[in-house]
Amino acid sequence: MTEFLFRDDSYLRSTPATVVALTEEGGIVLDRTVFYATSGGQPGDSGRLERADGTSLEIEVAVHPDGDKTAIVHVPANGEARLETGEPIVASVDWDRRLKLMRMHTALHLVTVILPFPITGAAVGEDKGRVDFNMPETPGAPEVIEERLNALVEAALPVSSEWITEAELEANPGLMKSMNVKPPIGQGRVRLIRIGDVDLQPCGGTHVANTLEIGPLRLGKIEKKGAINRRVSVLFG
Ligand SMILES: [Zn+2]
């Protein structure tokens, strides 16, 4: 079982850790990690594992093996040397990339505040993000949506997390904005992300601490995806 340090501190860039297992494909499992693993529309982190001898191993991506949300495998770039079980290392994420993903991920929460429709999908990118909604019509002009989005950014709203039990979530189905992107469940508790007094929803991703850190946003295309679905894209301004 890996300790997910990014859950309590998304700003932690690096940590000492121990290699606890190696997969047949050469993936590395650590006792703790700062690497977010691909899930919920947010891509896994890239970065490096530094060995005691000063050499380092490039990590292409972190993933949950076989969809097991309790484990994280660090996938090395091709041709990298194997580590040893029990070996101490220092794990560091590619921080420039991660910070962009945190800013964009938090921006997508704000999109769901401006457009309060059921969510059918989401994808976080370094420069662009998108949310798919069950939304038969686009409500209002794109310029107005963009303006409201930037007003939420500039409102400097604090972003915080809190935990509830899975039973509490089941008793409050209104917290679930997403129809398809399920929060990580199966561990008895669920993390909620609160943005000021505008948003509260279960989410396992990484976020910035204040909406001001997102920076200016630009609304991209609003595309029709079937009879009742719309895909809304957002870019950094
Ligand atoms: Zn989130």
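Me: Before I examine how α2 crosses the sheet, how is an angle between a helix and a strand defined?
Reply: Axes are lines fitted to C-alpha atoms, for helices over the stretch in contact, and angles run from 0 to 180 degrees between N-to-C directions. In this predicted model, α2 lies across β11, β12 and β13 and runs at about 115 degrees to β13.

Me: In what order do the strands of that open sheet stand, and how do they pair?
Reply: In general, strands of a sheet pair through backbone hydrogen bonds, in either a parallel or an antiparallel manner. Here the open sheet has three strands in the order β11-β12-β13, with antiparallel pairing. β11 (159–165) and β13 (199–202) are the edge strands, each pairing on one side only. From one strand to the next, the twist averages 25 degrees.

Me: How many bridges join β11 and β12?
Reply: These two strands pair in the antiparallel sense over seven bridges. As one example, valine 159 has isoleucine 195 in β12 as its bridge partner.

Me: Which residues have the most contacts inside the largest nonpolar core?
Reply: They are Ala107, Leu108, Val111, Val131 and Leu149, in a core of 27 residues. The largest share, seven residues, comes from α2. Apart from neighbours within four places in sequence, leucine 108 is in contact with Ala122, Val124, Gly129, Val131 and Val234. A second, separate core has 19 residues, including Leu30 and Phe35.

Me: Into which domains is the protein divided?
Reply: The division gives domain 1 (3–93) and domain 2 (98–236). Their centres, taken over C-alpha atoms, are separated by 27 Å. The contact takes 13 residues from domain 1 and 17 residues from domain 2. On the side of domain 1 that touches domain 2, four residues are nonpolar, six polar and three charged.

Methods
Residues numbered from 1 in each chain as written. Predicted model: local features only at pLDDT ≥ 70, side-chain atom pairs only at ≥ 80, totals over all residues. Core = buried A, V, L, I, M, F, W, Y, C linked by C-beta atoms within 7 Å. Buried ≥ 20, exposed ≤ 12 C-beta atoms within 10 Å, placed from the backbone. Helix = DSSP H or I, 4+ residues; strand = E, 2+ residues; numbered from the N terminus. Contact = placed C-beta atoms within 7 Å. Domains from an automatic or database assignment. Nonpolar A, V, L, I, M, F, W, Y, C, P; charged D, E, K, R; others polar. Pairing = 2+ DSSP bridges.
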